[in-house]
Amino acid sequence: TWSLALYTLKRLFTCSSSLPQLSVELNPGWPSPSSRPPNGELLHVRAVGDNDTLHFLFCSQGAPTLLLVHTNTSSSSLKVNWKEFVSRNVSGSLKVEPESSVLYSSATVFSRLLEYDDVNNTAEPTSDLFPPYELGSFLWSRLVLSGPSARLCGVAPDNATFANGSLCLCLGRGGRAESWPRLLHTANSSQVEVWLDGVLPRATQSRFLLELQAVGGAYRPSRVEVQRSIDDEFTPSIFKVSRWLSSENGSSEILGFLQWKPVASRGRDSSVENATPCHHSAPRPQSSEDTARASGLVRAFYAEPQTVGLNVSFGLAGDPFYNSTRFLRWTVLIGSGSPPVESFSPLVLAIMAVGLGTPMILLVLGGVYVCIRKRVAVTAAAYQPIN
């Protein structure tokens, strides 16, 4: 039942003590609960703290879009004018009220899937690009709520390459993800898995890129930082994390982020053996009008959107091509405030303590033993027997 499904979805987002109240609505305010809105659905997750609220909105009206709105009051609410919203030609048909309470907002649009023929096995998508798959024109399924996941799948219309395949997106839950690369996420963020399954490549040596567009008002995500760490406990051999950050001009305070490990999976079991590296392009300004035309949620919420885009490409020179498994999975974390920082788990700290502490203890004990032996030897040499 829908009530059970919505209860299950609540478990996707684990709230901290500062966000104790959670509500989930599918197509909030839609006048006909027994039917779905035309051309896509709207999911609203509202997490209420003592003095603020986080609104997560996921929409399949056009290109799949995740909108995050942070307000400075615990009483902010969502208002949708469905007649204008489904027409997709009116700004302001979706609002978070009171509008003066909005501290930060950002939308992530999964806009295009690109494919190229890597004839020379260089993993450089500079040429031989096929016509892109515009995700805004895909035919999207209903939002499927099942177990610990909320999934959306789509196919390109009138395209034989998607006859037995699909492109899917899955919203993840709070805590640490169970599937590799096991990103850590908190109550102020949501994990999105994107996977391509069973789609026929248009060349035997095809590789893919995913185009992301970040949309904001005054403070849109603008720079990508690569953070290095010595901790690879949850993603063996991966010591980097990429962070696409949004901040005020000249300020070090981070308002929002997209974060991912530079790795994808070529297999459904997401094991290390199926890992393939990925890398990103530099962010570049995009046409805001084109983005609003592709995404119904962007059109509805932003009056004057500011858009920046980048591509995430999968595979390096010499890596197996997509045709080897016809499967590709990548994970990104999207949130408000500063991104979560990985730290050593108690198990790793215990191993480090044993590994480093044991030699130190042996060294100290050995030193004490040597000192005692020397002291005994000196005392024995200084003793003169009495005749």
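The following is a conversation about salt bridges, one loop, a pocket and some backbone features in a predicted model.

Biologist: How many salt bridges does a search of the whole structure find?

Modeller: The search finds 12 salt bridges. One of them joins the side chains of arginine 202 and glutamate 115, at 2.9 Å from N to O.

Biologist: Where do arginine 202 and glutamate 115 lie in the chain?

Modeller: Arginine 202 is in the loop between strand E15 (189-197) and strand E16 (206-216). Glutamate 115 belongs to strand E7 (residues 102-117), and the two are 87 residues apart, so the pair links distant parts of the chain.

Biologist: And is glutamate 115 buried or exposed?

Modeller: Glutamate 115 is buried, because its relative accessible area is 0%, and buried means under 20%. Arginine 202 counts as partly exposed, at 28% relative accessibility.

Biologist: Which residue does glutamate 193 meet in a salt bridge?

Modeller: The side chain of glutamate 193 meets that of arginine 329, at 3.6 Å from N to O. Glutamate 193 lies in strand E15 and arginine 329 in strand E24 (residues 327-336), so this salt bridge ties together parts that are 136 residues apart in sequence. Both glutamate 193 and arginine 329 are buried.

Biologist: What about glutamate 225 and arginine 243?

Modeller: Their side chains form a salt bridge of 3.3 Å, N to O. Glutamate 225 is in strand E17 (residues 223-228) and arginine 243 in strand E18 (residues 240-247), with their positions 18 residues apart in the count. Glutamate 225 counts as partly exposed at 30% relative accessibility, whereas arginine 243 is buried at 11%.

Biologist: Which residues are linked in a network of salt bridges?

Modeller: Glu289, Asp290, Arg293 and Arg299 are linked in such a network.

Biologist: New topic. Where does threonine 161 lie?

Modeller: Threonine 161 is in the loop between strand E11 (149-155) and strand E12 (166-171). Threonine 161 is buried, with a relative accessible area of 11%. Its side chain makes a polar contact of 2.6 Å with the side chain of asparagine 159.

Biologist: Leaving aside neighbours within four places in sequence, what is threonine 161 in contact with?

Modeller: Threonine 161 is then in contact with Tyr133, Gly198, Val199, Leu200 and Arg202. Arg202 is also the partner of glutamate 115 in the salt bridge described earlier.

Biologist: Now the largest pocket. How much space lies in it?

Modeller: The largest pocket holds about 360 Å³ of space. It is lined by 17 residues, of which Val102, Ser105, Gly217, Phe301 and Tyr302 are the closest to its centre.

Biologist: Which strand gives the most to the lining of the largest pocket?

Modeller: Strand E7 gives the most, with 4 residues. Strand E6 (94-97) also supplies at least two residues. The lining divides into 10 nonpolar, 4 polar and 3 charged residues.

Biologist: Where is there a cis peptide bond?

Modeller: A cis peptide bond joins glutamate 97 and proline 98, with omega about -5°. Proline 98 has its place in the loop between E6 and E7.

Biologist: What is phi of asparagine 27?

Modeller: Phi of asparagine 27 is near 55°, a positive value in a residue other than glycine. Asparagine 27 is found in the loop between strand E1 (21-26) and strand E2 (42-48), and is buried at 8% relative accessible area.

Biologist: And aspartate 158, buried or exposed?

Modeller: Aspartate 158 is exposed, with a relative accessible area of 85%. Aspartate 158 is found in the loop between E11 and E12, and its phi is likewise near 55°.

Key. Residues numbered from 1 in each chain as written. Predicted model: local features only at pLDDT ≥ 70, side-chain atom pairs only at ≥ 80, totals over all residues. Heavy atoms only, no water. Salt bridge = Lys/Arg side-chain N within 4 Å of Asp/Glu carboxyl O. Buried < 20%, exposed > 50% of the residue type's maximum accessible area, 1.4 Å probe, protein only. Polar contact = N/O pair within 3.5 Å; in protein donor to acceptor, adjacent residues only side chain to side chain. Contact = heavy atoms within 4.5 Å. 1 Å grid on protein atoms, 1.4 Å probe; cavity = no way out; pocket = protein on both sides within 12 Å on 5 of 7 lines; lining within 4 Å. Points joined across faces, edges and corners; volume = space filled by probe spheres on them. Nonpolar A, V, L, I, M, F, W, Y, C, P; charged D, E, K, R; others polar.
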